[in-house]
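Welcome, and please open your viewer. We will take this model one selection at a time.

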Amino acid sequence: MHLSRFPRVHLAHLPTPLERLERLSAELGVEIWIKRDDCTGMSTGGNKTRKLEFLMGEALEQGADMVMTQGATQSNHARQTAAFAAKLGLGCHILLEDRTGYNNANYNENGNVLLDHLHGATTQKFPGGHDMVAEMERAAEAMRGKGHKVYVIPGGGSNPTGAMGYVNCAMELVGQANEKGLVIDRVVHATGSSGTQAGLVTGLCAMNSGIPVLGIGTRAPQPKQEQMVYDLACRIADKLGCAGVVKPEDVMANTDYVGDGYGLPTDSGLEAIRMFAELEGILLDPVYSAKGAAGLIDLARKGTFAGERVVFLHTGGSVGLFGYDFAFHNDDRWVEL
């Protein structure tokens, strides 16, 4: 796959490390490796950096002077979009939807929101349940009326252009495995707006890698999640000229770890955050990576991965921890000696 045919800005720190998690593997009795896409760069990194390389490349090719996107209050995608815009000298406007109802000051002003504003983005806040696609188009038209040439990025950067970042990641991962003589039996990661999983699945299938991908859902029910991923994977394959390479059975999602809803921390997710932090010195976020890791941990304990070598793809988002400090108030480690 010749991805250089498509416009791209090369700002990510690639390749990201592929490392064995020795202590977590010993704890769970499964050989676990991690693909450190929390280390991609651009405002602390995360999976959106790979997507934004292609999205921003397309925006520049189209002559945009402003980018616009939308997401939840503590959106990692919004923060990384704002960082790219700052680096490239573009305006950035972000529409943030309240999907949790939290009134906590840190949740609404700290973490990703703080960085959105530090990068120079302007923001609008909407209550939950809005048609954010329509709201974004209205905002884009308003900015166009002021003379801006606006490039609109869907939530999560999850369209065929953005998802090419994870086609590229699939090639990178297989290359690293080949160099290390490493046979990968499965990739596990958090899946939400579907771009990361769809790109990975398309890339791995197109290379005939034989590596299945399991997405651990963070929002939608399983049938909807799998359909979103499959539909986007088909659109990616069409864009790349390899239509039909992804079959429905190639798309697998487990949505048992969503909990009460999107953006709402779970006990299993908080356990995963503590385990990764205390055993490996790696930070997860409560919205995405912790729920993905919760699925990894629980399925490992249940024997699902027995005899396998599993790669956990870390999608980043640790900045969000500072908006969810209230979830950790029972973690009292102060002592008197």
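Which helices and strands each supply at least two residues of the lining of the largest pocket? In this predicted model, select helices H2 (48–61), H3 (76–88), H8 (195–206) and H9 (222–240), then add strands S3 (66–72) and S7 (186–191). The space they help to line comes to about 590 Å³. Now show Gly155, Gly192, Ser193, Arg219 and Tyr288 as sticks: of the 31 lining residues, these are the closest to the pocket's centre. Colour the lining by residue class and you will find 20 polar, 6 nonpolar and 5 charged residues.

Next, select helix H10, residues 267–280. Its 14 residues reach 19 Å from the first C-alpha to the last, close to the 20 Å expected at 1.5 Å a residue. Show the side chains of Leu270, Ile273, Met275, Phe276 and Leu279, which are among the buried residues of H10; Gly269 and Ala272 are buried as well. To see what the buried residues of H10 pack against, add helix H1 (22–28), helix H11 (289–301), strand S2 (31–35) and strand S10 (309–313). Then step just past the end of H10 to glycine 281, where phi is positive, at about 70°.

Finally, zoom out to the whole chain, with its 11 helices and 10 strands. Its radius of gyration is 19 Å, close to the 20 Å that the globule rule gives for 337 residues, so the chain is as compact as a globular protein of that length. Colour by burial, and 57% of the residues come up as buried.

Conventions: Residues numbered from 1 in each chain as written. Predicted model: local features only at pLDDT ≥ 70, side-chain atom pairs only at ≥ 80, totals over all residues. Heavy atoms only, no water. 1 Å grid on protein atoms, 1.4 Å probe; cavity = no way out; pocket = protein on both sides within 12 Å on 5 of 7 lines; lining within 4 Å. Points joined across faces, edges and corners; volume = space filled by probe spheres on them. Helix = DSSP H or I, 4+ residues; strand = E, 2+ residues; numbered from the N terminus. Nonpolar A, V, L, I, M, F, W, Y, C, P; charged D, E, K, R; others polar. Expected span 1.5 Å × (residues − 1). Buried < 20%, exposed > 50% of the residue type's maximum accessible area, 1.4 Å probe, protein only. Contact = heavy atoms within 4.5 Å. Rg over C-alpha atoms; globule rule 2.2 N^0.38 Å.
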